[in-house]
Amino acid sequence: MGTKKTIKTAVIGGESKCNNVLRFFLQTNGHTQLVEESDAEVFLIDMDQAAAEKRLEKLQKRYPRIPVITLSLLDPTNTGTIALKKPLKPADLLHALDKVGKPAPVRTADRPQLEKEQAETRERETTCKQTAAQTTSGKTKHIAIKPDFYDPEDYFQGLLMKVYRQAITTGINLRLEAGWKPIFIYPHRRLVWTSGDDKQLQAFCHLPLKHLAQVSEKGTAGIGHTIQPVLQGEMADCLDVAQKMDGFLWKVAFWSAAGRLPHTIRADQLISLKHWPNLTRYLDLPEALRISALLYHRPHTPIGVSQVLGVDARCVFGFISAANALELIRVHRPKIQKKMEPPPPPVKKTGLFQRLLGHLQRR
Amino acid sequence: MNINQYKIIFTGPVGAGKTTAIASLSDDPPVKTEAAASDMTVQRKSATTVALDYGVMRLETGEKIHLYGTPGQERFDFMWEILSKGGIGLVLLIDNSRHDPFQDLYFFLKRFEAFINTSAVVIGVTQMDRKPKPVLEEYHLQLRKLGIKAPLFEVDARKKNDISILVQALLYTLDPTLKTSSAYENHAIN
């Protein structure tokens with residue numbers, strides 16, 4: 001035991017009898033070091049204290065790769081944590097700590113890479129939003145951009161699409177657990193339900209699955225994905241607040257893409273929309289109406305859409321990724337370029353339409 | 001200025017939400033010409049539009065966009081052609097809870113064919129919360145069969161944003177290069 005690495009552990013939450021006992025235990029057992037949240041290699045959280053669920057969600061969002069040990073009188077309901085049931089036995093706690101403490105944490109080495117990827121994702125999204133605002137205020141700034149690509153299979157999006165297909169093909173209601181909140185899919189009603197909110201989902205969509213797999217290898221319970229049939233009557237009450245499957249996939253794909261194109265579509269390839277997305281019910285994406293109109297009107301390349309509309313390419317790519325996930329994108333063979341119809345003649349009432357549009361959008 | 005040039009026509013079967021849609025967009029209290037339904041219409045709603053609905057959008061430049069709703073009952077369909085002459089475009093509302101919404105779709109697209117060919121049409125499907133089927137995908141299939149390219153969305157006529165998106169889609173269909181208003185976009189992305 002003496003050769004064991006000390007595990008830096010943070011007890012989350014304020015002063016309470018349980019937390020105080022935990023802190024005392026961690027300070028005195030010789031294998032753990034009590035540290036602040038920011039320095040922790042593992043978190044301990046008492047789920048029976050007030051607002052513990054919210055605290056846990058925040059924690060998992062902020063430190064998605066750091067294992068969490070939860071303690072509760074109730075049966076465990078959280079995924080992505082090691083759950084210990086009270087009354088707590090010191091041996092169980094030590095075993096759980098031991099489990100997350102070996103092998104030597106890859107977290108320290110991985111964190112910069114993960115943080116780098118997350119920072120890049122944030123940067124792509126921010127630029128897209130900023131440019132959308134610049135474009136619309138008449139200060140369009142063309143940003144030279146080298147198209148970036150992603151493989152949906154590397155993200156939660158790929159897994160979700162696979163489970164959608166499975167549910168639709170078999171007609172069986174499925175429960176997907178993939179290191180986040182469980183997701184219930186009801187193919188007959190084309191509904192999906194999860195208890196997580198959009199902010200958490202967005203953060204989860206950014207994470208490549210390989211990172212989750214690494215965490216899983218570290219021994220954190222419940223991170224690897226499972227697909228199971230929904231039990232009879234399970235979560236039936238939640239259907240009233242469930243989301244439409246297509247709308248859910250639309251935003252998952254947009255967030256997974258983070259301003260990139262799916263790897264199956266080239267930036268210089270002619271594409272068009274098979275039909276308009278159901279924009280009244282989907283997550284509102286920057287410039288979605290304009291991009292839809294242009295791509296439905298006639299084929300353009302992704303880069304061409306960006307140039308014609310004066311919209312940052314990353315906004316266009318994000319839209320295309322979302323539409324492609326819903327199978328709304330048609331890819332054209334190069335020969336269509338020769339047959340392509342000429343640009344439409346200028347519309348006579350453009351000025352009026354522009355003013356009317358402004359009137360509608362300002363309301 | 002010929003004010004006849006600046007109008008948008010709302011059409012669709014009885015109870016599809018034309019009156020409500022116009023009310024949600026109009027800057028002035030809409031003029032409703034409803035009366036107690038006395039024929040087959042009574043099965044679907046207690047009052048219905050017997051002449052037409054009227055609303056107006058007042059642009060900052062002083063221009064007016066007139067919003068006309070056609071009476072849903074077919075016995076008034078002689079008015080439709082007069083009403084649509086010179087309009088910007090057509091907003092077709094289809095009530096998904098009716099017995100055969102595709103028949104309604106064909107009927108109205110056929111009756112307004114000449115107008116659509118010289119302008120544009122957008123389609124809003126209402127009452128999908130009450131009756132989810134047929135789904136939008138099936139509508140798209142029907143439109144493809146008819147060779148009609150049109151934006152189509154699920155809408156709730158009571159929601160201003162839904163009707164606004166419909167009309168915006170109509171405008172972008174007429175001219176895909178129109179720019180987005182900054183006020184809207186800043187709101188939309190935040």
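What percentage of the 363 residues of chain A count as buried? The figure is 39%, where a residue is buried if 20 or more other C-beta atoms, placed from the backbone, lie within 10 Å of its own, exposed if 12 or fewer do, and partly exposed in between. I should say at once that this is a predicted model, in which local features need pLDDT of at least 70 and side-chain atom pairs count only at pLDDT 80 or more, while totals for chains, interfaces and linings use all residues. Residues are numbered from 1 along each chain as its sequence is written, and chains are lettered from A and ligands numbered from 1 in the order in which they are written.

Let me start with the overall make-up. Chain A has 13 helices and 14 strands, taken as DSSP runs numbered from the N terminus, with helices being H or I of at least four residues and strands E of at least two. Among its contacts between residues at least 6 apart in sequence, 72% join residues at least 24 apart, a contact being two C-beta atoms, placed from the backbone, within 7 Å.

Next, the interior. The largest nonpolar core, meaning buried Ala, Val, Leu, Ile, Met, Phe, Trp, Tyr and Cys residues joined through C-beta atoms within 7 Å, has 114 residues, and those with the most contacts inside it include F319(A) and, from chain B, V91(B). Leaving out residues up to four places away in sequence, F319(A) touches L285(A), A288(A) and I291(A). A second, separate core of 19 residues includes L22(A) and V100(A).

Now to the other chain. In all, 35 residues of chain A are in contact with 38 residues of chain B, and the elements of chain A giving two or more residues to that side are α4 (107-136), α9 (288-297) and α13 (350-362). The largest share, twelve residues, comes from α13(A).

Helix α9(A) also packs within its own chain, where R290(A), I291(A), L294(A) and L295(A) meet V305(A), V308(A) and L309(A) in α10(A). The axes of α9(A) and α10(A), the latter spanning residues 302-309, come within 11 Å and cross at roughly 120°, with axes fitted to C-alpha atoms over the stretch in contact and angles running from 0 to 180 degrees between N-to-C directions.

Finally, one residue in α6 (residues 198-206) of chain A, namely C205(A). C205(A) is buried, because 21 other C-beta atoms lie within 10 Å, and beyond its neighbours within four places in sequence its contacts include Y155(A), F156(A) and W255(A).
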